[in-house]
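Here is a walk through one protein chain, taken a piece at a time. Have the viewer open and follow along.

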Amino acid sequence: MKKSILILLSFLLTASFAFAQSITGTIKNTNGTPVPKATVKIRGTKISTIADEKGFFSINSNQELPFFLQVSSIGYKAQDFQILKLQEAPFELVLVESELLDEIVVTSRRRVEVLQDVPIAITVIGGQAAENAGAFNVNRLKELVPSVQLYASNARNTTLNIRGLGSTFGLTNDGIDPGVGFYVDGVYQARPAATSTDFLDIERIEILRGPQGTLFGKNTTAGAFNITTTKPTQTPSAKVELSFGNYNFIQAKTSVSGGVAKNLAAKLSISGTQRDGTIWNTREERKYSGQNNLGFKGQLYYTPSDKLQVLLSSDISIQHPAGYPLVIAGVTTTERSAYRQYANIISGLGYQQPKIDPFSREISTNTPWKQNQSIGGISVNVDYKIGNGTLTSTTAWRFWNWDPTNDRDFSEFSALTKSQGNSRHDQYSQEVRYAGNITEKISGVIGVFALAQNLKGLSQTEEVGKDQWRFVQTSATGAQALYSTPGLLDGFGIKTNSTIKSLSAAVFAQADWEFIEHLHVLPGLRFTYDKKDVDYDRVTYGGLQTSDAALLALKAAVYSNQKFATSTNNNNLSGNLTLSYRPTTKLNVYGNYSTAYKPVGVNVGGLPTTSTGEADLSLAVVKPEYVQHYELGVKTKPFKGFLLNVTGFNTDIKDYQTNVQSPQLGVNRGYLANAEKVNVKGLEVDGSFQLEKFLTLNAAVAYLDGKYVKFTNAPLPLEETGHTELINNVATQVAFKDASGGRIPGISKWNVSGGAEFSIPGGLAVQNGRYFIAGDASYRSEYSSNPTPSKVLNVDGYALLNARIGFKSEKFSAFAWSRNLGNTKYYEQLQAAAGNSGLYAGVLGDPRTYGVTLRYSF
């Protein structure tokens with residue numbers, strides 16, 4: 001028996017050696033140059049080897065044919081090579097450089113294309129490149145892309161614009177749609193707060209400039225962010241990243257991926273970010289403007305055949321930051337009487353004037369700041385190949401919960417003590433489209449899209465305190481003297497419940513027809529239907545309980561009940577026509593004419609009142625925007641590794657939707673209005689150069705000129721509050737002015753960015769990779785920070801420098817980094833305090849931060 005077992009074992013051992021095969025080969029790049037120290041692994045096993053300095057490798061395998069060799073090396077795309085049969089001659093395996101500029105592919109036209117062949121102004125940032133630059137959310141991408149503007153006093157109050165257009169500047173009004181589409185894996189995300197969440201497993205970010213309504217589900221009058229995440233893989237893999245920095249910054253990211261069943265792969269990703277605040281509250285003795293983010297993303301990827309792919313994704317991001325307070329930036333004299341100037345008000349209350357030293361990063365507010373939010377959802381994306389194209393269905397539900405507290409007088413005084421815009425948002429979207437080649441000369445996309453939203457304001461609160469009487473008192477005589485009645489306005493406020501139910505549906509199509517060799521014509525059409533139903537109910541509470549008619553009238557002048565309901569709908573046919581001439585792979589010249597549309601808006605922040613104290617319902621609905629856009633562009637590849645693109649454009653908008661901040665306290669978030677016409681024109685130049693793996697350079701400059709062509713009913717700027725004019729020979733106080741010819745807020749004339757990375761081969765411990773030093777810089781010239789041009793609410797131009805140095809390899813990277821290396825002191829936004837008494841505050845940019853990042857993948 002023992003002898004038989006020994007014979008059997010001997011046979012099996014001999015058989016295993018007999019069937020083990022030695023596979024040899026050479027790893028080369030696209031130029032035919034050997035790739036040294038590449039890793040070669042047999043997929044699904046632990047068998048691996050390292051190529052030598054000449055790219056030669058030898059590996060033993062007893063796998064059944066066919067099987068795959070996984071080959072990877074730093075600076076190259078990891079690739080799988082299928083071995084169908086064994087051969088005596090060495091295999092020659094070719095790796096493609098992972099950062100080869102003229103091989104970047106995009107899916108912005110709903111199919112895979114080389115970036116330079118697409119007749120659209122697009123910037124592409126790889127996920128790893130964004131993370132290396134410290135851009136772990138959209139806000140930080142603006143330093144890399146000059147034509148992008150993002151301004152936020154908190155996640156809710158976020159303005160994301162491209163070329164200065166897209167959303168209203170300042171406090172967010174929920175009744176308006178964004179003009180920049182924000183998509184993650186094909187799912188449209190309606191709330192601007194989505195831009196504040198941390199990136200998870202980003203593969204690439206495509207930023208499309210200009211109207212794109214015939215390619216994407218939702219209206220995109222100014223452009224779109226098209227973000228693609230990495231998909232689960234059958235091959236087990238994992239990645240861990242840790243970052244540490246000053247202000248006790250800690251960020252941890254991890255993802256695990258692998259097969260869970262035949263044709264079914266799964267991935268789980270987790271991200272956490274924490275940082276102490278950079279602003280000190282002297283009254284509470286605590287820090288604000290910190291970070292406390294936690295994100296989860298789970299995916300299942302089912303690929304039963306080459307034709308069908310199903311991706312189920314779910315994600316949630318929870319943020320409990322240490323508030324985002326504004327600091328007092330200054331006090332200006334208004335045109336109100338001397339009695340109503342800010343300095344006199346404060347003196348009359350017996351306080352010292354507030355400290356105006358914004359970059360000391362100190363505040364002295366008496367209401368805690370809080371901006372808690374949770375945002376997430378679930379989606380199913382199905383791709384099915386039919387003929388020469390792909391039929392795609394994207395179904396999604398997303399939610400957003402917002403729980404804030406703000407001190408809107410920005411000071412230690414008990415004036416406007418509380419502002420809480422609690423909200424709950426649900427959205428349901430469905431998109432079905434087909435994209436592919438119709439004939440050898442014609443390709444295109446056709447689709448339908450529907451989006452339903454339910455946005456609720458939940459007991460949104462605004463409350464004043466014991467000092468508010470002096471801010472609203474116009475004189476110390478007559479009925480106005482009664483404002484000093486003890487307790488009249490103490491704890492007086494409003495609670496608002498509102499609902500916006502909206503439906504948007506669209507049919508869109510675009511074709512690409514090469515009607516003459518090298519000359520393409522690209523027509524596109526879109527039909528859109530929008531409907532919005534609004535219910536608004538605001539009720540007062542608190543303050544002195546009295547039946548005195550004179551006192552009640554004074555209270556009603558501060559806050560009053562307001563209730564209204566409205567319903568509106570409209571439809572639109574828009575489109576574009578593009579001509580593209582591509583005589584060679586090195587040149588693409590194109591011209592575009594587009595019409596676009598942003599749907600009707602509604603006001604849910606409270607309406608200004610008429611002379612009788614009733615809500616001015618004429619302002620409840622805001623007319624849609626209508627866009628005419630012209631663009632000329634040239635994309636070139638003068639020689640290998642060098643790209644140079646130039647784009648010129650002109651955009652006219654009729655009935656531009658803008659945000660107006662009213663001096664009335666009851667209009668707690670401002671209200672929307674239409675400027676009759678605006679124009680934005682500009683020129684963009686961007687270029688990049690790559691010398692093998694040693695040197696990468698990029699630079700971009702954008703010149704933007706945005707003006708109100710006609711805006712006859714603009715709000716007064718802060719310093720002109722209280723302005724009077726002779727009307728019928730009577731000095732009459734006015735609230736509006738003609739701002740025609742003035743500049744649009746948020747637009748810098750000059751926007752510049754650039755970066756460089758230099759690396760050399762080297763080793764660290766047992767890892768072979770490259771040592772590198774890199775940096776990027778950005779500059780934005782001065783811009784207006786007020787809907788109407790102001791003498792004081794302007795942000796000075798500023799420049800930022802970021803740098804990093806370290807080591808990177810296929811599996812391990814370690815580098816030190818610094819953001820705002822020069823510790824530039826700058827504002828991102830300025831805004832007048834509620835009531836327009838002369839005080840204004842600012843959102844500060846981050847000070848210098850620095851730290852280290854460690855990454856390991858296996």
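## G741 and its surroundings

In this predicted model, G741 comes out as partly exposed, because its relative accessible area is 45% and that label covers the range between under 20% (buried) and over 50% (exposed). You'll find G741 in the loop between β44 (736–737) and β45 (750–764).

What does G741 touch, once its neighbours within four places in sequence are left aside? The contacts are K707, Y708 and V709. A238, on the other hand, is a long way off: 503 residues separate G741 from A238 in sequence, and their C-alpha atoms are 56 Å apart in space.

## Three domains

The domain assignment splits the protein chain into domain 1 (21–94), domain 2 (105–229) and domain 3 (237–857). If you want a feel for the spacing, the C-alpha centres of domain 1 and domain 2 are 38 Å apart.

## A run of antiparallel pairing: β33, β34 and β37

Strands of a sheet pair through backbone hydrogen bonds, and they can do so parallel or antiparallel. Now for some cases to look at.

Strand β33 (residues 562–584) and strand β34 (residues 587–598) run antiparallel, with seven bridges between them. A two-residue hairpin links β33 to β34. To see one of the bridges, pick T578, whose partner in β34 is N592.

β34 also pairs with strand β37 (residues 625–639), again in the antiparallel sense, this time over twelve bridges. Here L587 sits opposite T636 in β37.

## Two open sheets

One open sheet has three strands in the order β24-β52-β51, and the pairing is antiparallel. Its edge strands are β24 (327–331) and β51 (827–832), each of which pairs on one side only. Neighbouring strands in this sheet are turned against each other by 30 degrees on average, ignoring direction. Between β24 and strand β52 (residues 839–844) there are four bridges, in the antiparallel sense; V331 stands opposite L839 in β52.

The other open sheet has five strands, ordered β10-β15-β16-β13-β14, with mixed pairing. At its edges are β10 (121–126) and β14 (187–188), each pairing on one side only. For a parallel example, go to strand β13 (residues 180–184) and strand β16 (residues 223–229), which are joined by five bridges. V184 has I227 as its bridge partner in β16.

## Aromatic rings

There are 23 aromatic pairs in the structure. Take F639 and F642: their ring centres are 5.1 Å apart and their planes are at 25 degrees, so the pair counts as stacked. The cut-off for stacking is under 30 degrees between planes. F689 joins F639 and F642 to make one aromatic cluster.

Are F639 and F642 buried or exposed? Each falls in between: F639 is partly exposed with a relative accessible area of 44%, and F642 is partly exposed with 22%.

## Charges over rings

Two tyrosines are worth clicking on here. The charged end of R470 sits over the ring of Y339, at 3.8 Å from the ring's centre. In another spot, K495 lies over the face of Y541, 5.2 Å from the ring centre.

Conventions: Residues are numbered from 1 along each chain as its sequence is written. This is a predicted model: local features need pLDDT of at least 70, side-chain atom pairs count only at pLDDT 80 or more; totals for chains, interfaces and linings use all residues. Side-chain values use heavy atoms; hydrogens and water are left out. Two strands pair if DSSP finds at least two bridges between them. Buried means under 20% relative accessible area, exposed over 50%, partly exposed in between (1.4 Å probe, protein chains only). Contact means heavy atoms within 4.5 Å. Axes are lines fitted to C-alpha atoms, for helices over the stretch in contact, and angles run from 0 to 180 degrees between N-to-C directions. Rings of Phe, Tyr and Trp (its six-membered ring) pair if their centres lie within 6.5 Å; planes under 30 degrees apart count as stacked, over 60 as edge-to-face and the rest as tilted. A charge sits over a ring if NZ of Lys or CZ of Arg is within 6 Å of the ring centre and within 35 degrees of the ring normal. Domain bounds come from an automatic or database domain assignment.
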